[in-house]
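Me: I've got a structure open and want to go through its ligands. Can you help me read it?
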There are 2 protein chains.
Amino acid sequence: NETIKAELGRSTWKVKKPSPFDFTSVLLRLTYVVFTLQLLHTMTARFPLEPTIEERTALKQWITLLSRLYPCGECAEHFQVLLKQYPPQTSSRDAASQWACSVHNKVNERLEKPMFDCSLVADMYQCGC
Amino acid sequence: NETIKAELGRSTWKVKKPSPFDFTSVLLRLTYVVFTLQLLHTMTARFPLEPTIEERTALKQWITLLSRLYPCGECAEHFQVLLKQYPPQTSSRDAASQWACSVHNKVNERLEKPMFDCSLVADMYQCGC
Ligand SMILES: Cc1cc2nc3c(=O)[nH]c(=O)nc-3n(C[C@H](O)[C@H](O)[C@H](O)COP(=O)(O)OP(=O)(O)OC[C@H]3O[C@@H](n4cnc5c(N)ncnc54)[C@H](O)[C@@H]3O)c2cc1C
Ligand SMILES: Cc1cc2nc3c(=O)[nH]c(=O)nc-3n(C[C@H](O)[C@H](O)[C@H](O)COP(=O)(O)OP(=O)(O)OC[C@H]3O[C@@H](n4cnc5c(N)ncnc54)[C@H](O)[C@@H]3O)c2cc1C
């Protein structure tokens, strides 16, 4: 935990140099991160209860690629550090969604936000899609 | 074009059976789709100008996996049909972002929305991330 905090702590979004576009770009960046986390929660909440090897590989690859392609350089780095310490769990819907919740909680911890109760995710991220 | 329209046209979001959760779930679904498209635009807008083979494969795989894992069954199907007809272009930032714009325009066309001017995407999706 200390290692992650130290590594993730190297840079934060709050110390970027100001520019005429800062307000919009900070908003956009936050929107992307929030939404990416929400997409991850919904995707894992609808992952098969008993996935095939192929489905497991697909989810793991998609998450790994997301952390490489993510448009915010800094978040991409944070993301990669987290994934290394907490590799995606894909053995079942439950494993995957609990994993996503616990990774999000690691971020909450670092930002000194309240921990989220992971027993709630199954109900919360059923979007009826 | 006619083929796509016919295939995509098989089902639309507007004919779902109503349920007490419909309003929220339709909102959530729209939010997910809008943001997924926005993520795609930002990601391609920040894709390397001259990507390596590895970076090209990463983007193509990520898009393909997204279309399989996408939490809305119906959108996932639409998405897969579109990708088959218009395979992701990854030879450069320009190719990738023009491809994303043209795929989004195919959806706009089907929904009878105005076409988007694809010469604007480079400026529009610089989020300063
Ligand atoms: C690797 C990484 C690094 C980040 N670094 C920073 C940073 O340095 N600075 C910064 O400001 N932001 C950072 N973020 C984004 C941060 O997680 C928040 O998304 C952002 O701060 C906005 O906060 P929020 O409370 O609006 O949204 P979120 O924290 O994304 O919360 C949105 C909603 O999700 C739900 N939720 C909360 N926790 C969980 C959970 N554990 N499981 C499931 N659902 C949950 C709650 O309903 C909440 O209202 C980072 C994200 C990642 C993935
Ligand atoms: C495969 C697929 C199938 C879909 N099927 C349906 C459906 O059946 N019914 C439905 O309601 N929605 C469908 N959508 C979603 C649809 O594309 C819209 O996202 C949604 O209808 C909300 O409309 P909007 O105008 O708010 O957002 P969007 O159309 O997503 O537009 C948001 C913003 O993006 C920008 N934009 C618009 N076009 C482009 C472009 N070509 N390139 C770059 N930027 C652009 C504009 O600034 C616009 O304001 C589908 C999406 C996909 C990918």
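Reply: Start with one definition. Ala, Val, Leu, Ile, Met, Phe, Trp, Tyr, Cys and Pro count as nonpolar, Asp, Glu, Lys and Arg as charged, and the others, Gly among them, as polar. Also, this is a predicted model.

Me: OK. How do the residues of the shell around ligand 1 divide by class?
Reply: There are 14 nonpolar, six polar and two charged residues in that shell.

Me: Which residues come nearest to ligand 1?
Reply: Cys101(A), Asn108(A), Arg110(A), Lys113(A) and Tyr125(A), out of 22 around the ligand.

Me: What does Arg110(A) do there, atom by atom?
Reply: One of its polar side-chain atoms lies 2.6 Å from an oxygen atom of ligand 1. Gln38(A) also has a polar side-chain atom 3.0 Å from a ligand 1 oxygen. His78(A) pairs with a nitrogen instead: a side-chain N or O atom is 3.4 Å from a nitrogen atom of ligand 1.

Me: How much of ligand 1 does the protein cover?
Reply: 80% of the 950 Å² of accessible area that ligand 1 has on its own.

Me: Switching to ligand 2. Which residues are closest?
Reply: Cys101(B), Asn108(B), Arg110(B), Lys113(B) and Tyr125(B), with 22 residues surrounding ligand 2.

Me: And what is Lys113(B) next to?
Reply: A side-chain N or O atom of Lys113(B) is 2.4 Å from an oxygen atom of ligand 2. For Tyr125(B), a side-chain N or O atom is 2.8 Å from a nitrogen atom of the ligand.

Me: Which elements give two or more residues to that shell?
Reply: In chain B, helix H2 (22–45), helix H4 (73–85), helix H5 (93–110) and helix H6 (121–124).

Technical notes. Residues are numbered from 1 along each chain as its sequence is written. Chains are lettered from A and ligands numbered from 1 in the order in which they are written. This is a predicted model: local features need pLDDT of at least 70, side-chain atom pairs count only at pLDDT 80 or more; totals for chains, interfaces and linings use all residues. Side-chain values use heavy atoms; hydrogens and water are left out. A residue is near a molecule or strand if one of its heavy atoms lies within 4 Å of it. A polar contact is a pair of N or O atoms within 3.5 Å; within protein, one must be able to donate a hydrogen and the other to accept it, and residues adjacent in sequence count only if both atoms are side-chain atoms. Accessible areas come from the Shrake-Rupley method with a 1.4 Å probe; for residues, only the protein chains shown count as cover. Helices (H or I, at least four residues) and strands (E, at least two) are DSSP runs, numbered from the N terminus.
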